[in-house]
Amino acid sequence: MSKRRPGKSIASEPPLDRRSFLSSAAASGIALSLGMAPARAGKYPDAEPPILRFIPGTAERIPAIGMGTWITFNVGNSRRLRDARAEVLRTFFDRGGTVVDSSPMYGSSEDVVGFCLDRIGRRKSLFSATKVWTPLIGDGEEQMSASRQLWGIEKFDLMQVHNLVNWEGHLETLDEDKRAGRIRHIGITTSHGSRHSQMARVMTDPRVDAVQFTYNVVDRAAEQRLLPQAAERGLAVVINRPFQRGALFRRFGRHPLPEWADQIGCTNWAQFFLKFVISHPAVTCAIPATSSVAHMNENMGALYGALPDTAMRDRMIRYIESI
């Protein structure tokens with residue numbers, strides 16, 4: 001993973017509905033977290049409550065910072081590397097995380113996730129999210145069954161059609177699985193900016209509960225269509241590549257954080273990038289990936305304290321564009 005450079009948590013009661021919240025946020029210029037709860041006790045106690053977000057249409061809240069596993073958990077059978085990933089996952093849970101996202105596309109990642117969950121024993125805390133990724137509808141059920149076995153769970157909290165591969169057929173299967181109790185929520189994903197138009201069309205399907213796409217302080221195209229549409233439809237929004245696959249650290253890490261970053265509790269670039277993402281009122285959860293315990297601690301620091309309001313978000317963008 002990319003080398004990071006060191007740099008120098010507002011919760012409110014949840015609104016009745018996301019549309020009312022967006023109207024209020026636009027009027028007041030405030031982008032607050034959508035819920036709050038007591039901080040988790042653990043090895044790394046945090047003084048403030050974590051930032052939680054409601055899954056639209058439910059009373060369920062999840063932490064606004066989750067964990068991705070692409071590349072980072074694809075370590076094969078190496079016991080040394082698997083043990084190291086278990087410590088990364090342990091730190092994630094200790095700091096209040098629950099949402100873990102993976103895919104059959106990610107090599108051995110699902111198998112390693114299952115190993116780590118066995119090692120640290122945290123399945124009850126887990127919000128499990130993975131994907132179906134096959135062009136053949138008949139292979140979808142077998143693939144999802146294999147994922148359940150690898151993770152060691154009976155049902156997934158969120159099952160997503162990976163990169164919209166044969167989404168029409170897979171949505172039918174996922175809808176059946178949801179009614180049968182094998183999954184709780186249905187999602188679709190893309191990590192390609194060129195697919196925003198297709199994603200927007202699929203988002204109108206009433207079976208879709210959640211969407212996953214790329215958004216960060218540099219890649220802001222989702223603000224134009226996908227984020228407003230998700231808010232209008234009442235969809236959960238999971239953000240991938242919040243660090244632009246590490247490119248944000250390589251591009252900006254040699255520069256100092258602005259002095260005013262401490263106003264939103266940012267002590268490093270990871271928190272600066274993540275707080276920008278999760279301060280958008282339509283975002284439910286961001287899923288940065290890391291193979292480092294130290295970097296996981298940096299990431300999870302963004303789950304606490306003040307979030308930037310609209311004026312601060314604009315200031316963050318101007319600073320990034322100036323360096």
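**View 1. How helices α2 and α3 cross.** In this predicted model, the crossing of α2 past α3 is right-handed. Helix α2 covers residues 79–94 and helix α3 covers residues 109–120. The two pack with their axes 9 Å apart, at an angle of about 65 degrees. That makes the pair roughly perpendicular, because angles from 65 to 115 degrees fall in that class.

**View 2. Helices α9 and α11, another packed pair.** Here we have α9, residues 269–278, against α11, residues 310–322. Their axes lie 10 Å apart, and the angle is about 130 degrees. So these helices count as oblique to each other. As for the hand of the crossing, α9 and α11 make a left-handed one.

**View 3. The open sheet and its edges.** Eight strands make up this open sheet, and their pairing is parallel. Reading across, the order goes β4-β5-β6-β7-β8-β9-β10-β11. The edge positions belong to β4 (67–68) and β11 (285–286). Each of them has a single partner strand, so one side of each has no neighbour in the sheet. As a reminder, strands of a sheet pair through backbone hydrogen bonds, either parallel or antiparallel.

**View 4. Zooming in on β5 and β6.** Strand β5 takes in residues 99–101, while β6 takes in residues 127–132. The two run parallel and are joined by three bridges. Pick out Asp101, and its bridge partner in β6 turns out to be Ala129.

**View 5. The largest pocket.** The volume of this pocket comes to about 530 Å³. Its lining has 31 residues, and the ones nearest the centre are Trp70, Asn240, Arg241, Arg245 and Ala289. Sorted by character, the lining holds eleven nonpolar residues, 14 polar ones and six charged ones.

**View 6. The largest cavity.** This one has a volume of about 80 Å³. Residues in its lining include Ile55, Ile62, Val99, Phe127, Leu158 and Val238. His185, Asp209, Ala210, Ala236 and Thr284 line the cavity too. The breakdown of the lining is eight nonpolar, two polar and one charged. Two names here link back to View 4: Val99 and Phe127 line the cavity, and residues 99–101 form β5 while residues 127–132 form β6.

Technical notes. Residues are numbered from 1 along each chain as its sequence is written. This is a predicted model: local features need pLDDT of at least 70, side-chain atom pairs count only at pLDDT 80 or more; totals for chains, interfaces and linings use all residues. Side-chain values use heavy atoms; hydrogens and water are left out. On a 1 Å grid over the protein atoms alone, a cavity is a set of points where a 1.4 Å probe fits but cannot get out, and a pocket is an open set with protein on both sides within 12 Å along at least five of seven lines; lining residues have an atom within 4 Å of a point. Grid points are joined across faces, edges and corners, and a volume is the space filled by probe spheres set on the points. Ala, Val, Leu, Ile, Met, Phe, Trp, Tyr, Cys and Pro count as nonpolar, Asp, Glu, Lys and Arg as charged, and the others, Gly among them, as polar. Two strands pair if DSSP finds at least two bridges between them. Helices (H or I, at least four residues) and strands (E, at least two) are DSSP runs, numbered from the N terminus. Axes are lines fitted to C-alpha atoms, for helices over the stretch in contact, and angles run from 0 to 180 degrees between N-to-C directions. Angles under 35 degrees count as roughly parallel, over 145 as roughly antiparallel, 65 to 115 as roughly perpendicular and the rest as oblique. A crossing is left-handed if the near helix is turned anticlockwise from the far one by less than a right angle, and right-handed if clockwise.
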